[in-house]
Amino acid sequence: MAHLKRERPYEDEDEEEVPGKVGRSQDTEDKRSRHCPYLDTINRSVLDFDFEKLCSVSLSHINVYACLICGKYFQGRGLKSHAYTHSVQFTHHVFLNLHTLKFYCLPDNYEIIDSSLEDITYVLKPTFTKQHISALDKHGKLYRAFDGTTYLPGIVGLNNIKANDYANVVLQALSNVPPLRNYFLEEESYRTIRRPPGDIMFLLVKRFGELMRKLWNPRNFKAHVSPHEMLQAVVLCSKKTFQITKQGDAVDFLSWFLNALHGALGGTKKKSSIVTKAFQGTMRIFSKKLPHPDLPAEEKEVLLQTDEYQEQMLESNFLYLTLDLPTAPLYKDEKEQLIIPQVPLFNILAKFNGITEKEYKTYKENFLKRFQLTRLPPYLIFCIKRFTKNNFFVEKNPTIVNFPITNVDLHEYLTEEAQVTEKSTTYDLVANVVHDGKPTEGAYRIHVLHHGTGKWYELQDLQVTDILPQMITLSEAYIQIWKRREAEGEVNSHTGA
């Protein structure tokens, strides 16, 4: 490359533009970029920007470049830097700064400006316009990835790094909730949110936004995404409560993630965020303290007359509703097969009709509680309580819940006042998370509705298959997301927190 003039050839950092300084003309830039002879050595099939942006030698995050020939990450581009050494040792010449998105030729160290490289920067940092976002749910156009596979944006497999499928299904479910997705597809939505110094929780917001944009990218190099950086943020922000290497509980993760995301977006009990705008409803909890069962009947009678044992009413917010399954029978049929019991969805929804009472035991006291809904959210999450933990082990209830895919009306679970004020009470299913297998092992998969085509897909790690709606109801559903009809008008897709 001796024919090309080099400027500040061994500088580590990118050259800053200084006001008043005369730079090279655009013509010269174009001429130089056209004469870079190594662009045809770029190997797009090895490029993977889903992993942590660390130098593969020094493990530093600072000033990291991707070699576009072998896909490895190296630090710096100065004379003694790891990227420079790699370029000389392996004659790999084209590098991309993962922070500034600028391309360089090493060891000659000049910037390459060439429009043919735009597809690489788009995969590293996809961007979405408002027009693009508004059209996402209006068609079902298949796109072809660089590796030749066709895929529907949003219906994309997530890599199970070791035992993180419990988190993958939750992330995939949330990526198919349009108002939440649309908010995170535009970085502008949350760029200006101010967080206290040293606050690590905002990392969740940044990484979730990056993951949303990768899942919905119509120009991917491959038809799957690795959630590596997202999950590293989860491990860090949850103080290792949730791990990549150890199976977790999808409901525990969903609950923590929604609350953490709400807080990181500046939300509080009084201040809303896109999370509460999409998922938060309100309910009344009626609670009555019970006398200790071992007390004599006369003492119980006396206690029940006191104020402490009168029914109390509390208004409470919820981000999801927990549905309790009836205890699974232990008997077998004549062929010695365990009978898998079934229960209609409306039976377990009766918990919220304001009449059904349930006993709750704490370490010291017992309470009778009943529940009634006062406000329904645009997107309603059901968590079906399949697991019971006791001192020794976790038990799983295999009861199948029979539910319709569409047209679930929750009108009867509202208070009389809410029945008047709530305009729409009918919901359609948009996501269904399933747990298969034993309680502590087992595996997760998810069914998602593609809004543009109206078709259902099953995703399990990297596998994506289409599925008939009637097959969904045969599964051991664990988490469901339901969309209220006409919900779109109520949650503004681009509302700030």
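This report walks through a pocket and a sheet in a predicted model.

## The largest pocket

Let's start with the empty space. Rolling a probe the size of a water molecule over the atoms is a way to see where such space is left. Here, the largest pocket comes out at a volume of about 820 Å³. Its lining is made up of 24 residues. If you want to find the middle of the pocket, look for Lys-53, Leu-98, Arg-207, Glu-210 and Glu-229, which lie nearest its centre.

## What lines it

Two elements give two or more residues each to the lining of the largest pocket: helix 8, spanning 202-215, and helix 9, spanning 228-237. Helix 8 has the largest share, with six residues.

As for chemistry, the lining of the largest pocket splits into 10 nonpolar, 10 charged and four polar residues.

## The four-stranded sheet

Now for the strands. In general, strands of a sheet pair through backbone hydrogen bonds, and they can do so parallel or antiparallel. In this model, four strands make an open sheet, and the pairing is antiparallel. Reading across, the order is 11-10-15-14. Strand 11 (312-318) and strand 14 (358-361) are the edge strands, each pairing on one side only. On average, neighbouring strands of this sheet are turned by 40° against each other, direction ignored.

## A look at one edge

Strand 14 pairs with strand 15, residues 366-375, in the antiparallel sense, and the two share four bridges. Which residue in strand 15 is the bridge partner of Lys-361? That would be Asn-366.

Technical notes. Residues are numbered from 1 along each chain as its sequence is written. This is a predicted model: local features need pLDDT of at least 70, side-chain atom pairs count only at pLDDT 80 or more; totals for chains, interfaces and linings use all residues. Side-chain values use heavy atoms; hydrogens and water are left out. On a 1 Å grid over the protein atoms alone, a cavity is a set of points where a 1.4 Å probe fits but cannot get out, and a pocket is an open set with protein on both sides within 12 Å along at least five of seven lines; lining residues have an atom within 4 Å of a point. Grid points are joined across faces, edges and corners, and a volume is the space filled by probe spheres set on the points. Ala, Val, Leu, Ile, Met, Phe, Trp, Tyr, Cys and Pro count as nonpolar, Asp, Glu, Lys and Arg as charged, and the others, Gly among them, as polar. Two strands pair if DSSP finds at least two bridges between them. Axes are lines fitted to C-alpha atoms, for helices over the stretch in contact, and angles run from 0 to 180 degrees between N-to-C directions.
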